[in-house]
Amino acid sequence: MLVKISVRNLIEFVMRSGDVDNRFRDNTRMIEGIRAHQTIQKKYGKNYKKEYSLKNTTTIDEVEFRVEGRADGLISEKDGFVIDEIKSTTRALSEIDDSNKLHWAQAMCYAYFYALDNKLKSMSITLTYVNIDDYSTKIFRDKFSFEELKDFYYKLLEEYLNFSKILAINNQKRNDSIKKLDFPYKEYRKGQRKMSVAVYTAILDSKKLFVDAPTGIGKTISAVFPSIKSMGEDLSDEIFYLTSKNTQAKEALKSINILKNQGLSIKALSITSKEKICLNDEVKCNPVDCPFAKGHFDRINGALKDILENEDIMDYNIITSYAEKHRVCPFEFELDISSYADFIACDYNYVFDPNTYLKRFFDDVIDRYIFLVDESHNLLERSRGMYSFSFSKASFYQISKNINIKRNKKIKKIIDEIIEIFDKIYANHGKKLYYYQEELIDDFDKAFIKLLKPLQKYLVDQKEDPLYDTLLNLFFDVNKFFRIEDRYSNGFYSVISYDEDNDDIIYQIKCIDPSEVLANTYKNARSTAFFSATLSPMNYFTRMFGAEDSLKLRLDMPFDDKNFDLYIREISTRYKDRDRNIGIVSETINEFINSKKGNYFIFFPSYSYLSAVYDDYISRFDDDITTQDRFMSEKEITKFLKKFEKGSNRTAFVVLGGIFSEGVDLVGDRLIGSMIISVGMPGVSDERNLIKEYFDKRQLSGFDYSYTYPGINKVFQAAGRVIRSENDKGIIYLVDDRFNSYKYYMLYPKHWKNKNIKIVNDSKTFNKEVKSFWEELGEKSKDK
């Protein structure tokens with residue numbers, strides 16, 4: 001029986017105890033702690049190998065343990081080798097002794113692995129404490145015989161043995177069931193076999209893959225099935241199914257359930273955010289405010305044994321029920337479960353975001369993971385957001401105005417320096433509304449670094465201060481900023497802009513092109529597969545995702561293309577022409593929604609244009625129009641969609657690229673037509689023009705990268721609401737003269753190009769085409 005685990009997870013499982021307590025203490029895992037590590041590692045020179053990877057395989061009581069991790073350092077000396085373990089701290093070094101067993105434990109494991117591999121009789125260990133204020137160090141050193149190290153390591157494994165047997169049994173069941181597993185349906189849909197083979201091939205050859213697959217192919221099962229089969233061939237250890245929405249994670253678990261019904265035995269987990277899974281009214285992760293946090297680590301191992309013995313598919317309901325049963329924090333619980341799950345459905349953030357990624361997987365060991373990126377067209381804007389961060393002058397000014405000067409003179413001084421930097425840079429660049437440069441602004445960096453140390457001391461000592469929460473948030477924000485800055489590379493800018501509405505100056509790191517930083521993340525996986533119904537143009541997405549060396553697959557629409565028709569009305573919806581053409585747009589909508597009784601979506605390029613057309617429309621026509629509100633809760637969205645029932649007669653004015661453009665499945669005759677007004681271009685802005693300039697400099701079409709491609713992708717998403725299943729029938733109506741240009745035609749998906757696209761610039765032509773379309777399908781038009 002085989003069990004794989006990292007050194008860190010092994011030690012945490014065996015030796016941890018006590019409470020979950022996220023209140024601020026000596027929080028040296030922040031950016032200063034990382035920099036302290038790096039500073040010490042650089043001092044050693046050629047004889048020091050930093051982040052040294054080690055692994056070991058040991059069998060005890062028929063369980064084969066494969067344990068691996070990375071030591072902070074391996075030092076080569078004349079008379080032997082030394083494992084270095086570095087711990088950063090804000091405490092005075094004089095207060096620190098060598099009694100912390102956890103701090104020695106990892107180094108002892110690594111020392112044993114190295115001694116065993118190199119047949120050494122003994123190994124030395126240095127435990128290096130570094131103070132983050134001045135990078136001074138206190139080093140404890142000890143020498144251990146091979147037998148001492150072996151004895152310590154074997155005792156860890158023996159403590160872990162009972163739990164490991166549960167894992168080993170689960171792994172054996174999983175592998176046996178995978179070998180017998182067949183595709184869960186009698187027949188593949190059109191395109192499914194091609195996609196499944198492509199995903200498996202990408203995993204086999206350690207490649208990345210892009211799949212542009214129209215709605216209805218069954219992308220989820222086509223990605224999940226071959227990935228799971230690869231586990232049975234010992235090609236992968238864990239699958240991350242990455243989504244931008246909770247609904248997509250639920251679909252992934254549905255596929256796992258389907259395979260489970262076919263005999264698959266697998267541990268699958270859906271990760272829910274801390275705010276949503278918390279069992280308290282308010283998220284306060286400390287033993288004073290939360291009964292689940294108090295003693296959490298004393299009970300967590302029992303909870304893990306229980307859930308992993310008795311459950312296969314672990315979602316919100318399962319996790320919270322076990323968390324209540326064992327009185328453990330559900331968020332920390334699901335993170336621990338992730339270490340032992342085979343399949344994890346989670347948000348993009350848990351892999352790509354530098355502030356929330358799962359460190360337990362990607363900091364310790366680079367392993368054989370598979371990333372399945374669902375609806376991956378969303379990753380571009382999401383990643384731009386992940387790698388961008390901003391500060392405002394006003395926020396620092398408010399702190400400076402309210403801080404207790406006597407008690408926090410140093411913090412006040414640095415805050416005022418930061419305010420001066422805002423003013424100086426703004427003044428130096430001619431008071432431009434939008435100034436940018438490719439290099440970092442060093443003055444801000446130096447000031448933020450100076451600010452961290454006194455802030456940390458304040459947060460430890462002055463918990464009752466009225467400004468405490470504000471300064472705590474500032475501390476976390478500065479650390480977030482530095483984590484993003486650590487990934488600063490080609491495609492990043494430092495930007496100073498002026499907010500006219502609030503009379504404020506904004507400083508931000510802005511990620512324009514995330515391709516380089518995304519490409520570095522893929523190195524954590526054996527294979528990454530991107531799939532969506534709207535990965536067009538594909539070369540644009542492969543370039544933006546840093547994956548131009550990927551395998552590529554474009555699939556045909558799986559349904560009969562006679563079930564939909566595609567019309568173009570050549571009206572200019574350019575910004576300069578919108579007001580002038582409101583009347584004709586209203587008339588075009590009225591003609592469309594009255595051509596046949598049924599439900600329709602009308603997509604607008606903005607809320608303001610939606611409102612303008614709505615006001616004109618209701619003043620001239622009697623149709624009942626439902627409109628999308630600017631801010632809608634999940635309950636309001638559900639209530640909105642429930643109105644579009646089978647046999648109803650409703651029209652909704654909604655926003656292109658908004659909540660109803662994607663992830664909405666109104667199958668059958670719940671939606672029989674979508675009109676898309678405009679080519680979806682983002683509004684002109686300084687940021688969009690910066691994107692344009694960036695790609696122009698690289699001999700690419702900056703305008704297309706900044707405006708055309710993001711816009712047409714929104715159009716494809718909105719159009720995709722009409723045909724969701726083989727029985728769906730409907731019309732896609734494109735309203736803008738640019739839709740009939742060669743440039744846009746070349747961007748259309750294959751199943752659009754195969755259609756005879758109808759140009760319907762007058763009522764007679766429109767009515768003729770609509771009547772012909774519905775009659776060919778055996779239905780009447782104009783029955784509304």
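This is a short talk about two sheets and one pocket in a protein model.

Okay, hi everyone. Before we start, keep in mind that this model is predicted.

Let's begin with a bit of background. Strands of a sheet pair through backbone hydrogen bonds, and they can do that either parallel or antiparallel.

Now, our first sheet. It's an open one with eight strands, and if you walk across it you meet β10, β9, β11, β8, β12, β17, β7 and β18, in that order, with parallel pairing. Which strands stand at the edges? Those are β10, residues 313–314, and β18, residues 551–554. Each has a single partner strand, so one side of each has no neighbour in the sheet.

Further in, let's look at one pair. β7, which covers residues 208–212, and β17, residues 525–532, are joined in the parallel sense by five bridges. If you want a spot to click on, try Val-211, which sits opposite Phe-531 in β17. There's a helix on this sheet too: α11, residues 330–338, packs on it and touches β8, β9, β10 and β11. The direction of α11 makes about 145° with that of β9.

On to the other sheet. This one is open as well, with seven strands, and the order is β21-β22-β20-β23-β24-β19-β25, again with parallel pairing. Its edges are β21 (625–627) and β25 (758–759); each has just a single partner strand, so one side of each is left without a neighbour. The partner of β21 is β22, residues 651–655: the two run parallel, and three bridges join them. Here you can find Thr-627 opposite Phe-653 in β22.

Two helices to show you on this sheet. Helix α22, residues 607–620, packs on it, touching β20, β21, β22 and β23, and its direction makes about 150° with that of β22. Then there's α28, residues 763–776, which touches β19, β24 and β25 and makes about 175° with the direction of β19.

Last stop, the second largest pocket. Its volume is about 660 Å³. How many residues line it? The answer is 34, and Val-3, Lys-4, Ile-5, Asn-171 and Asp-237 lie nearest the centre. By type, the lining splits into twelve nonpolar, nine polar and 13 charged residues. Elements that supply at least two residues each include β1 (2–6), β3 (63–77) and α6 (219–232). And which element gives the most? That's α4, with seven residues.

That's it from me, thanks!

Methods: Residues numbered from 1 in each chain as written. Predicted model: local features only at pLDDT ≥ 70, side-chain atom pairs only at ≥ 80, totals over all residues. Heavy atoms only, no water. 1 Å grid on protein atoms, 1.4 Å probe; cavity = no way out; pocket = protein on both sides within 12 Å on 5 of 7 lines; lining within 4 Å. Points joined across faces, edges and corners; volume = space filled by probe spheres on them. Helix = DSSP H or I, 4+ residues; strand = E, 2+ residues; numbered from the N terminus. Nonpolar A, V, L, I, M, F, W, Y, C, P; charged D, E, K, R; others polar. Pairing = 2+ DSSP bridges. Contact = heavy atoms within 4.5 Å. Axes fitted to C-alpha atoms, helices over the stretch in contact; angles between N-to-C directions.
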